[in-house]
Amino acid sequence: MGEDAESPKINHTFLRDYVTEADVISTVEFNQTGDLLATGDKGGRVVIFQRETESKGELEELGETGDSGEYNVYSTFQSHEPDFDYLKSLEIEEKINKIRWLPQQNAAHFLLSTNDKTIKLWKVSERDKRPEGYNLKDEEGRLKDVSTITSLQVPVLKPTDLMVEVRPRRVFSNGHTYHVNSISVNSDGETYLSADDLRINMWHLGITDRSFNIVDIKPANMEDLTEVITSAEFHPHHCHLFVYSSSKGTLRLCDMRASALCDRHTKLFEEPEDPGSRSFFSEIISSVSDVKFSHSGRYLLTRDYLTAKVWDLNMDKGPVETYQVHEYLRSKLCSLYENDCIFDKFECVWNSSDSVIMTGAYNSFFRMFDRETGRGVTLEAWRESSKPRAVLRTRRVYTGGKRRRGDVGVDSLDFTKKILHMAWHPSENIIAIAATNNLYIFQDRVNPDMQTQ
């Protein structure tokens with residue numbers, strides 16, 4: 001992953017010229033096969049993209065093998081609408097905070113989407129046939145006069161244009177007093193968790209009127225509140241384990257076999273703080289904005305404001321790997337605090353083999369780190385190279401020493417262009433990057449292990 005190595009190529013981009021608040025993408029998620037990609041935005045909409053299979057001739061022309069199709073819009077629907085809590089006199093935004101796909105059981109697909117308060121289960125299915133030849137209805141669907149029916153016929157299914165239907169199957173409401181920041185589907189395929197600032201609830205996918213509270217950190221007196229829950233996720237293989245992160249930079253691994261209420265954690269992961277480096281901003285920048293289990297279930301990946309860290313479940317004394325995402329911003333924390341950028345919540349993801357991690361930064365930059373070598377690369381999701389098959393170029397932020405051509409100075413960074421949300425294909429080197437209201441999809445067509453980027 002050297003900075004001068006050949007880079008992945010742009011597979012497809014979805015760009016919008018005019019930025020409105022409702023169009024800003026707020027979450028990105030691949031399904032378990034990677035054939036579908038869902039995005040949610042601040043306007044409460046969910047857009048699903050489907051991967052198209054390229055013809056054999058096109059693949060041979062590119063010198064490639066396998067399924068390397070592009071993603072095209074499959075379905076768009078309104079998931080959430082603006083609401084109002086009359087008891088608290090609070091507006092509830094329609095913004096989609098998280099989307100999670102359920103494991104596919106049949107031809108239909110199911111996904112969960114949530115805003116600040118309400119979680120919904122959606123069914124996505126296809127229909128390419130329609131019934132004809134009803135006995136009690138005419139061709140326009142109107143009921144016939146029974147006295148006029150002189151013969152009976154067997155209705156038949158006839159081919160029709162493909163239709164994608166999206167229907168709400170369940171609505172899980174009234175489970176959270178505070179804003180929902182996470183949802184995670186359990187490996188048992190029957191339950192999922194949802195987390196807000198102070199509580200984590202577990203739901204059964206078939207029951208909407210009640211949930212089980214499994215973590216509650218709300219103090220008896222809210223003046224004693226010292227930390228909040230920032231993210232939570234189930235273990236990918238063990239249905240009784242889950243982890244949640246806090247604004248104090250700690251991780252707590254909980255085992256539901258030990259207790260129904262998991263206020264007492266099984267393991268606490270925390271990095272000792274250096275008293276000499278403590279400042280006014282220390283607690284803010286140490287807050288964990290995202291936590292992800294590795295595909296193997298052995299490691300945890302976390303992101304705070306300046307770093308990404310890898311933790312071993314068997315070693316709770318501190319992270320086993322620490323990657324500096326944008327250490328050059330440490331001298332800018334005062335101005336970042338004034339413009340509220342210091343509170344931005346960056347996500348982080350693993351590649352399919354857990355050998356590379358990825359997370360976002362400012363100026364439309366995002367970073368990848370090779371865990372074997374420890375080297376990182378800065379890449380840019382930018383409009384000028386958004387043509388299909390264009391090579392994604394590497395960038396460098398100038399912090400001193402010899403300045404190269406194309407380097408970007410720290411004072412020249414655009415903090416309004418931030419990469420907060422991203423996803424990595426579950427089995428291939430395809431990544432989806434949300435840059436404000438634009439979605440970039442990149443595919444590595446060079447090295448199958450994505451280690452030459």
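In the hairpin formed by strands E24 and E25, where five residues lie between the strands, Asp354 adopts a positive phi near 65°. This value, like the others given here, comes from a predicted model. Strand E24, covering residues 348–350, pairs with E25 in the antiparallel sense over three bridges, and within that pairing Cys348 has Thr359 of E25 as its bridge partner.

On its other connection, E25 pairs with strand E26 (residues 365–370), again in the antiparallel sense, over five bridges, with Ile357 standing opposite Phe369 in E26. The hairpin of E25 and E26 has four residues between the strands, and in this hairpin Asn363 takes a positive phi near 65°.

The surroundings of E25 itself can be followed residue by residue. In a regular strand, side chains alternate between the two faces of the sheet. In E25, Val356, Met358 and Gly360 on one side and Ile357 and Thr359 on the other are all buried, so that both faces of the strand are covered. Because five of the five residues of E25 (residues 356–360) are buried, the strand is largely enclosed by the rest of the structure.

Seen as a whole, the chain holds three helices and 33 strands, and 50% of its 453 residues count as buried. Of the contacts between residues at least 6 apart in sequence, 55% join residues at least 24 apart. The accessible surface of the chain comes to about 22700 Å², with 48% belonging to carbon and sulfur atoms.

As for the cysteines, the count of disulfides comes to zero. Cys239 is partly exposed, at 34% relative accessibility, and Cys334 is also partly exposed, at 47%.

Technical notes:
Residues are numbered from 1 along each chain as its sequence is written. This is a predicted model: local features need pLDDT of at least 70, side-chain atom pairs count only at pLDDT 80 or more; totals for chains, interfaces and linings use all residues. Side-chain values use heavy atoms; hydrogens and water are left out. Helices (H or I, at least four residues) and strands (E, at least two) are DSSP runs, numbered from the N terminus. Buried means under 20% relative accessible area, exposed over 50%, partly exposed in between (1.4 Å probe, protein chains only). Contact means heavy atoms within 4.5 Å. Accessible areas come from the Shrake-Rupley method with a 1.4 Å probe; for residues, only the protein chains shown count as cover. A disulfide is a pair of cysteine sulfur atoms within 2.5 Å. Two strands pair if DSSP finds at least two bridges between them.
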